[in-house]
Every structure is written in structure tokens, then in C-alpha cells.
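User: I should like to learn how to read the main features of a protein fold, beginning with its sheets. Please take each feature in general first and then in the case at hand.

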Amino acid sequence: MRIPFLRPSLPRAEELAPYLRRMDAAGIYSNYGPLARELEAELLRRRFGGQGAVTTVANATLGLMLAISAVKRPGRRWAILPSFTFAAGPLAVMWCGLQPYFVDVTRDAWTLDEAALDAALAELGDDVAVVMPGATFGTAMDLSGYERRRAAGLPVVVDAAPAMGAGDDGRQFGTGFAGAVVYSLHATKPFGIGEGGLVYSADAELISRIRRDANFGFNAERMAETPGLNAKLSEYGAAVGLAMLETFAQRRAERRRVARGYAQRFAASGLAQRGWQAQAPAADCPQFWPLLAPRGRSNAAVIAALAQAGIECRRYFAPACHQQPAFAAAGRGPLPVTEDLAARVLSLPFWEAMTDAEMDAVLEALIRWG
Ligand SMILES: *Cc1c(COP(=O)(O)O)cnc(C)c1O
């Protein structure tokens with residue numbers, strides 16, 4: 001049995017047709033048209049219980065750039081963020097003219113270590129422009145410490161790219177947070193529309209600034225007022241999003257079913273006794289199903305062995321960002337947990353509608369070749 005890493009599941013052509021016909025009738029294809037506005041209103045109402053404000057963006061990387069540039073303290077040099085994350089985070093930082101400063105993650109949740117963050121803040125003093133924790137693999141991390149720091153004057157952007165769907169309806173992860181929370185709607189994320197993103201904040205004024213900046217920084221007279229860019233979601237993307245909303249509840253349940261299926265099989269497999277560690281982050285709408293190879297066994301070797309058996313695994317987030325050439329000049333604190341994770345982490349094949357037989361095959365291969 002050949003098992004790919006994932007099978008993106010987006011709305012089918014038939015499900016899109018009603019929205020595409022509405023688009024044709026309106027003759028509007030972008031610029032926060034009726035479909036984008038409806039998607040924003042519906043996501044805000046259903047997922048965030050109507051509390052705060054959102055704006056759609058063309059992808060989460062642009063959303064991060066816009067959010068960082070909207071909140072950063074001017075004239076400062078550093079953006080503090082985990083190295084155990086996707087390259088988009090530190091790349092967005094650099095596009096905003098800042099230097100990434102990498103801080104370690106916790107061993108239990110794989111999210112930014114707040115004690116290490118405080119050590120970095122003490123070290124960098126007044127030269128920190130923004131802090132950007134990440135909701136690793138969709139984990140609904142505790143934001144209370146960040147809300148406190150934000151209220152005390154330290155700007156916070158949350159990279160919640162994989163976390164649309166985390167938390168129940170009306171209590172989406174991020175709800176009520178007054179910094180910026182950025183979600184990706186990429187095809188590989190739980191709420192996949194192809195390319196797209198959403199920026200949320202409890203602070204509606206912050207969202208209106210980000211929305212202006214995503215439209216060339218235009219003011220009401222269409223004069224560029226700030227160094228904006230074009231990050232608008234097209235009506236085509238919004239159509240996919242509206243169709244996605246119709247089935248999102250089932251999709252979230254599907255992801256939980258597959259995650260449970262893996263957890264049960266892993267518990268029964270004996271792999272834990274051999275030094276394997278099941279995923280640390282507890283996501284209720286998981287993007288992936290990550291786990292750690294035993295110490296001394298590299299993820300790259302495991303992935304190569306499983307590929308021989310026709311099973312495609314990946315290693316997010318390895319190499320860690322500080323190990324990638326674009327970030328060679330970044331600052332960093334001690335990163336022992338990040339380096340351990342980068343050597344051992346791998347993600348098993350994961351998609352909605354994955355069958356029991358497919359999960360069995362993955363676990364059998366892991367037991368045999370892992
Ligand atoms: C997917 C992802 C991004 C990038 O999202 P895009 O919409 O593809 O730009 C950023 N950060 C993390 C942690 C991600 O998983």
C-alpha cells in the first residue's frame with residue numbers, strides 16, 4: 001500500500017458553483033468584494049462568537065508581515081520567536097526590517113518557552129520590537145502570559161497559521177486576544193482554500209489598520225498613507241472559503257477521529273517502550289500527527305526507511321529555522337529542546353477520510369522499519 005503524506009481536501013467544483021455564480025452576477029473579483037466580506041463576517045460570527053474583528057489576507061505569510069509592521073515598536077531591532085517553527089515566521093520578520101531572535105520551546109508543548117522568553121527580554125533590553133509565539137501544529141496554547149506582556153507594552157503577534165479550527169465554535173483559539181492572531185488557509189491546513197489567510201484581533205482598530213495596509217495603505221481618498229502592499233484575498237478564494245464553512249464541522253470531527261485512531265494504535269504498538277514518544281502538542285483540530293523517534297535514531301533515517309515501504313512521512317519543523325541558511329545572522333538564546341526535536345521529530349501521514357486500514361499500515365511499517 002502506498003500512503004502519501006497528505007491528501008488535501010478542499011470543496012469540490014459542485015460545491016463552489018453557487019458562489020462562483022454569485023461572483024459572476026456581481027462582476028466583482030477582488031478588493032474586499034461581497035464574498036470576502038461574507039466570509040469574514042461568517043468566520044467572525046461562527047468561530048469567534050462575534051467578538052473582535054477579522055480581515056482576510058492572501059496568505060498567512062503576508063498576514064504576519066502586515067501584523068508585525070502594524071504593532072512593532074518603532075526603532076527596535078529584534079523580533080523574538082521560536083526556531084522550532086515554519087520558515088515563514090522569521091522570513092516575515094526580516095521583510096519587516098527586523099532581526100529574528102530565536103528562543104527555545106518547552107519539552108511538553110513544543111511552544112515558546114516563557115521562561116526562556118523572559119531571559120531573552122532581559123538580555124535584549126529595550127531593543128525588542130515584537131514577540132511572536134506560535135501555536136505549534138494547531139495547539140491551543142495559553143495566551144494569558146502574552147496578554148499580560150502585551151498590556152504592559154510589548155507587542156505580540158501570534159503565528160496561529162495551522163490553528164483555524166482549534167477550539168469550539170464561538171471559542172476559536174485566539175478569541176479575545178488583543179494582539180494580532182494570524183491563521184493560514186493554505187491547502188495543507190485544516191481550513192484549506194488553496195492560498196489564503198485571516199488576521200484576528202479583539203482590537204477592531206488594529207484590524208482596520210491591517211486591512212488598509214493590505215490594500216496598498218490606501219485611505220478613504222485612495223491615497224497611500226502607509227507603506228502598504230497588496231495582500232487581498234480574491235473573490236475566488238473567498239468562494240472556496242464559504243463552501244468550506246458549510247462542511248467545516250464534519251472536517252474537524254474527521255481530524256479528531258484520525259488523531260484518536262493514531263493515538264490508540266500508538267498506545268497498543270509497544271513503540272513507547274522502545275523510546276518513541278507520541279505527539280506532545282494536544283490539538284483538537286490537528287494539522288499533522290507528529291511524534292519523536294527514540295534518542296539516537298534520526299528522523300531522516302526513519303523517513304528514508306518508511307519511504308522504502310511506500311509510506312511518506314515529513315519532518316516538520318526540521319531543520320529548525322536557526323539551522324537554515326537564510327537565518328544564519330539571526331540572534332538566539334540556548335536551543336537544546338529545539339535541537340533535540342529537530343533531530344527526532346517526524347509527522348505521520350494524516351488527512352481527513354484516512355481509513356483504519358491506512359492507519360494500520362502506517363503503524364505496522366513504523367513497528368517494522370522504524
Ligand atoms: C503554514 C504556516 C505558515 C505560512 O502560511 P501561508 O498561508 O502558507 O503563508 C506560517 N507559519 C506556520 C507555523 C505555518 O504552519
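**Sheets, cores and ring pairs**

Analyst: An open sheet of four strands is ordered E4-E2-E3-E10 and has parallel pairing. Strands (E, at least two residues) and helices (H or I, at least four residues) are DSSP runs numbered from the N terminus, and two strands pair if DSSP finds at least two bridges between them. The model is predicted, so local features need pLDDT of at least 70 and side-chain atom pairs count only at pLDDT 80 or more, whereas totals for chains, interfaces and linings use all residues. Residues are numbered from 1 along each chain as its sequence is written, and side-chain values use heavy atoms, with hydrogens and water left out.

User: Which strands stand at the edges of this sheet?

Analyst: They are strand E4 (128-131) and strand E10 (331-332); each has a single partner strand, so one side of each is left without a neighbour in the sheet. E10 runs parallel to strand E3 (residues 99-103), to which two bridges join it. Within this pairing, Tyr-101 has Gly-331 as its bridge partner.

User: Which helix packs on the sheet, and what angle does its direction make with that of E3?

Analyst: Contact means heavy atoms within 4.5 Å. Axes are lines fitted to C-alpha atoms, for helices over the stretch in contact, and angles run from 0 to 180 degrees between N-to-C directions. Helix H4 (residues 88-95) touches strand E2 (78-82) and E3, and its direction makes about 145° with that of E3. In the loop between E2 and H4 lies Ala-87, which touches Cys-321, Gln-324 and Phe-327, leaving aside residues up to four places away in sequence.

User: What is the strand order of the sheet with mixed pairing?

Analyst: That open sheet of four strands follows the order E1-E7-E6-E5. E1 and strand E5 (157-159) are at its edges with a single partner strand each, so one side of each is left without a neighbour in the sheet. From one strand to the next, the twist averages 20°. Two helices can be described here. H2 packs on the sheet and touches E1, strand E6 (180-184) and E7, its direction making about 135° with that of E1. Helix H3 (residues 60-71) also packs on the sheet, touching E1, E5, E6 and E7, and its direction makes about 170° with that of E6.

User: How many residues of strand E1 are buried?

Analyst: Buried means under 20% relative accessible area, exposed over 50% and partly exposed in between (1.4 Å probe, protein chains only). In a regular strand the side chains alternate between the two faces of the sheet. In strand E1 (residues 53-57), five of its five residues are buried. Ala-53, Thr-55 and Val-57 lie on one side, Val-54 and Thr-56 on the other, and both faces are covered. E1 pairs with strand E7 (residues 197-201) in the antiparallel sense over five bridges; Val-54 stands opposite Tyr-200, and Val-57 opposite Gly-197.

User: Which residues touch the most other members of the largest nonpolar core?

Analyst: In soluble globular proteins, nonpolar side chains tend to be buried together. A nonpolar core is a set of buried Ala, Val, Leu, Ile, Met, Phe, Trp, Tyr and Cys residues joined through side-chain atoms within 4.5 Å. The largest one has 50 residues, and Ile-80, Tyr-146, Phe-173 and Phe-191 touch the most other members. Helix H8 (residues 235-269) gives the largest share of this core, eight residues. Another core, of 37 residues, lies apart from it and includes Tyr-32, Phe-102, Leu-206 and Cys-321.

User: How many aromatic pairs are there?

Analyst: Rings of Phe, Tyr and Trp (its six-membered ring) pair if their centres lie within 6.5 Å; planes under 30 degrees apart count as stacked, over 60 as edge-to-face and the rest as tilted. The count comes to 19 aromatic pairs. Tyr-29 and Tyr-236 are stacked, at 6.3 Å centre to centre with 25° between the planes. Tyr-29 lies in the loop between helix H1 (13-26) and helix H2 (34-48), Tyr-236 in helix H8, 207 residues apart. The rings of Phe-137 and Phe-288 have centres 6.0 Å apart and planes at 65°, so this pair is edge-to-face. Both Phe-137 and Phe-288 are buried.
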